[in-house]
Amino acid sequence: MPLSSIPTALSLATAIPVLQHQEVKANVSFGSPRRVVVNKIGRNVGLSVRSVSPGDATGSSIQFDVPFPGDYEELLDQAKEATQVALKDGIQLMEIEFPTAGLESVPGDGEGGIEMTGSMQLIREFCDLLIVPEKATRTRIFFPEANEVQFARKSAFGGASFKLDYLTKPSFFQDFGIVEKVKMVDRVKEEDELFIVGYPYFNVNEMLVVEELYREAVAATARQMIIFNGELDRIRSGYYPSFFYPKLAALLTTLFPKMETVYYIHNFKGRSGGALFRCYPGPWKVLRRLGSRYVCVHEQEDMPTLKEVALDILPKA
């Protein structure tokens with residue numbers, strides 16, 4: 001099922017005219033080049049960039065290598081290229097995060113179930129871009145629950161060779177937040193090389209299982225793992241109070257320091273609208289939205305907090 005058939009992308013495509021249709025060549029790790037069709041759907045997005053440094057009020061124009069994407073096809077291609085570089089650099093734990101209810105949307109703009117279904121389809125298309133066919137059976141994709149694996153096999157991943165698995169198994173007491181414990185080391189096989197974990201945020205136990213998966217099946221091996229749309233900003237921002245969720249808060253010191261964010265978009269609405277954007281191995285960039293253009297008003301090597309971007313960087317830009 002093509003990307004344009006999922007609800008989030010469909011609404012975007014019907015609201016925004018297609019400006020151009022371009023076929024490009026993409027290099028794929030461990031295989032021959034693959035033809036990728038890129039639909040340039042957008043708002044005639046232009047990107048004017050200036051680099052701001054202390055004592056420089058005006059900044060200077062520079063060429064931005066990776067522009068803010070104009071559509072989901074371009075986004076997936078950027079994410080694929082960034083991930084390929086990270087994989088070659090030997091990074092074991094990676095994060096990919098971007099909105100699925102529209103490129104300018106924020107968490108909560110879309111209904112949760114629709115966003116997760118959109119993420120499932122986007123994971124399939126991302127895997128088709130990143131992974132050559134002969135590596136498909138060595139790639140294990142984890143979904144939050146066992147019933148999502150069944151749904152994936154009947155929909156987005158129908159006919160795919162990727163191994164599909166789950167983090168948690170629903171129990172009779174699921175409505176009370178109780179799920180059946182799944183020992184992650186027993187879920188993996190010796191030939192597995194890459195794990196992709198899809199949107200582990202609906203239940204707080206899911207990220208704890210992800211940490212277990214990394215600790216027991218990735219850390220001391222040659223395997224690599226990607227967390228795809230895990231909404232990890234909930235943990236970073238203290239959405240879950242450490243007093244009530246001490247194990248989840250502990251991930252900030254145990255798991256997160258080991259993780260590289262290889263592709264990231266977080267939008268900010270309101271008068272000082274813009275986006276926090278990163279495409280590995282480039283720096284973190286704060287983009288100010290000016291009509292159909294994006295202006296880079298700040299960049300740094302480490303990830304700024306969302307609070308810093310919303311209350312300090314964007315308002316002063």
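# A guided reading of the predicted model

Six residues, Arg-140, Lys-163, Asp-165, Arg-187, Glu-191 and Asp-192, are joined to one another in a network of salt bridges. The model in which they appear is a predicted one. Within this network, Lys-163 and Glu-191 form a salt bridge whose closest N and O atoms are 3.0 Å apart. Lys-163 belongs to strand β7, which covers residues 163-170, whereas Glu-191 is in the loop between β8 (179-180) and β9, so the pair links distant parts of the chain, 28 residues apart. Glu-191 is partly exposed, because its relative accessibility is 41%. Arg-187, another member of the network, also places its charged end over the ring of Tyr-166, 4.2 Å from the centre of that ring.

Salt bridges occur elsewhere too, and a search of the whole structure finds 20 of them. One is formed by Lys-285 and Glu-299, with 2.5 Å from N to O. Lys-285 lies in strand β13 and Glu-299 in strand β14 (residues 293-300), so this salt bridge ties together parts that are 14 residues apart in sequence. The two partners may be compared by their accessibility. Lys-285 counts as buried, at 6% relative accessibility, while Glu-299 counts as partly exposed, at 27%. A further salt bridge brings together the side chains of Glu-216 and Arg-215, at 3.5 Å from N to O. Here Glu-216 is partly exposed, with a relative accessible area of 31%, and Arg-215 is partly exposed as well, with 46%.

From the charged side chains the reader may turn to the nonpolar ones. In soluble globular proteins, nonpolar side chains tend to be buried together. The largest nonpolar core of this model has 74 residues, and Phe-143, Phe-157 and Met-207 are those with the most contacts inside it. Helix α3, residues 112-130, gives the most to this core, with eight residues. Apart from this core lies another, of ten residues, which includes Val-286, Val-295, Val-297 and Val-309.

Phe-157 offers a way into the surroundings of the larger set. Leaving aside neighbours within four places in sequence, Phe-157 is in contact with Met-120, Ile-123, Arg-124, Ile-141, Phe-143, Ala-152, Phe-162 and Leu-164. One of these residues, Arg-124, lies over the face of Phe-157, at 5.8 Å from the ring centre.

Phe-143, which is among the contacts of Phe-157, leads on to the aromatic rings. A pair of aromatic rings is described by the distance of the centres and the angle of the planes. The count of aromatic pairs in the model comes to 14. In one of them, Phe-143 and Tyr-199 form a tilted pair, at 6.1 Å centre to centre and with 50° between the planes. Because Phe-143 lies in strand β6 (residues 139-145) and Tyr-199 in the loop between β9 and α5, the pair ties together parts that are 56 residues apart in sequence. Phe-143 is buried, with a relative accessible area of 0%. Another pair, Tyr-240 and Tyr-245, is edge-to-face, at 5.3 Å centre to centre and with 70° between the planes. Tyr-240 counts as buried at 14% relative accessibility, whereas Tyr-245 counts as partly exposed at 32%. Elsewhere, Phe-68, Tyr-263, Phe-277 and Tyr-294 form one aromatic cluster.

The backbone deserves attention as well. Most residues other than glycine have a negative phi, and most peptide bonds are trans. Tyr-199, already met as the partner of Phe-143, has a positive phi of about 35° although it is not a glycine. The loop that holds Tyr-199 runs between β9 (194-198) and α5 (204-217). Tyr-199 counts as buried, because its relative accessibility is 0%. Asn-229 likewise has a positive phi, of about 50°, without being a glycine. Asn-229 is placed in the loop between β10 (224-228) and α6 (233-236), and Asn-229 is buried, with a relative accessible area of 3%.

One peptide bond completes this account of the backbone. The bond from Tyr-280 to Pro-281 is cis, with omega near 5°. Pro-281 is found in the loop between β12 (274-279) and β13 (284-290). Strand β13 is also where Lys-285 lies, the residue tied to Glu-299 in strand β14.

Definitions and conventions. Residues are numbered from 1 along each chain as its sequence is written. This is a predicted model: local features need pLDDT of at least 70, side-chain atom pairs count only at pLDDT 80 or more; totals for chains, interfaces and linings use all residues. Side-chain values use heavy atoms; hydrogens and water are left out. Helices (H or I, at least four residues) and strands (E, at least two) are DSSP runs, numbered from the N terminus. Buried means under 20% relative accessible area, exposed over 50%, partly exposed in between (1.4 Å probe, protein chains only). Rings of Phe, Tyr and Trp (its six-membered ring) pair if their centres lie within 6.5 Å; planes under 30 degrees apart count as stacked, over 60 as edge-to-face and the rest as tilted. A charge sits over a ring if NZ of Lys or CZ of Arg is within 6 Å of the ring centre and within 35 degrees of the ring normal. A nonpolar core is a set of buried Ala, Val, Leu, Ile, Met, Phe, Trp, Tyr and Cys residues joined through side-chain atoms within 4.5 Å. Contact means heavy atoms within 4.5 Å. A salt bridge is a side-chain nitrogen of Lys or Arg within 4 Å of a carboxyl oxygen of Asp or Glu.
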